Amino acid sequence: MYEFAVSAGEGTLIEHGLTPDIGTLTDIWSSPEFTIIFRLVEDASECETGK
């Protein structure tokens, strides 16, 4: 499972959450104006999203 965050520069968070599939996210957010950050997590308890 991966925690992810998508931003549009200047720290503007557009979307965040958990996903098992990085490929789908990179297809959706493939524009160069977006930055996607991933972090491998064992389960949702390790997720920092929303903190």
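This report describes the fold of a predicted model and then one of its residues, Thr19.

The chain holds 1 helix and 3 strands. Read from the N terminus, the order of these elements is β-β-α-β. Of the 51 residues in the chain, 20% are buried. The exposed surface comes to about 3,600 Å², with 53% of that area supplied by carbon and sulfur atoms. Considering contacts between residues at least 6 apart in sequence, 45% link residues at least 24 apart.

Strand S1 pairs with both S2 and S3, as the table sets out.

| Strand pair | Bridges | Direction | Opposed residues |
|---|---|---|---|
| S1 (residues 2-7) and S2 (residues 13-19) | 6 bridges | antiparallel | Glu3 and Leu18 |
| S1 (residues 2-7) and S3 (residues 35-40) | 6 bridges | antiparallel | Ala5 and Ile37 |

S1 and S2 form a hairpin with 5 residues between the strands. In this hairpin, Gly9 has a positive phi near 80 degrees.

Thr19 belongs to strand S2. Is Thr19 buried or exposed? Its relative accessibility is 10%, and buried means under 20%, so Thr19 counts as buried. Leaving aside residues up to four places away in sequence, Thr19 touches Met1, Tyr2, Phe4 and Leu25. The side chain of Thr19 also has a polar atom 3.1 Å from the backbone nitrogen of Asp21.

Notes:
Residues numbered from 1 in each chain as written. Predicted model: local features only at pLDDT ≥ 70, side-chain atom pairs only at ≥ 80, totals over all residues. Heavy atoms only, no water. Helix = DSSP H or I, 4+ residues; strand = E, 2+ residues; numbered from the N terminus. Buried < 20%, exposed > 50% of the residue type's maximum accessible area, 1.4 Å probe, protein only. Contact = heavy atoms within 4.5 Å. Areas by Shrake-Rupley, 256 points an atom, 1.4 Å probe, with all protein chains shown as cover. Polar contact = N/O pair within 3.5 Å; in protein donor to acceptor, adjacent residues only side chain to side chain. Pairing = 2+ DSSP bridges.
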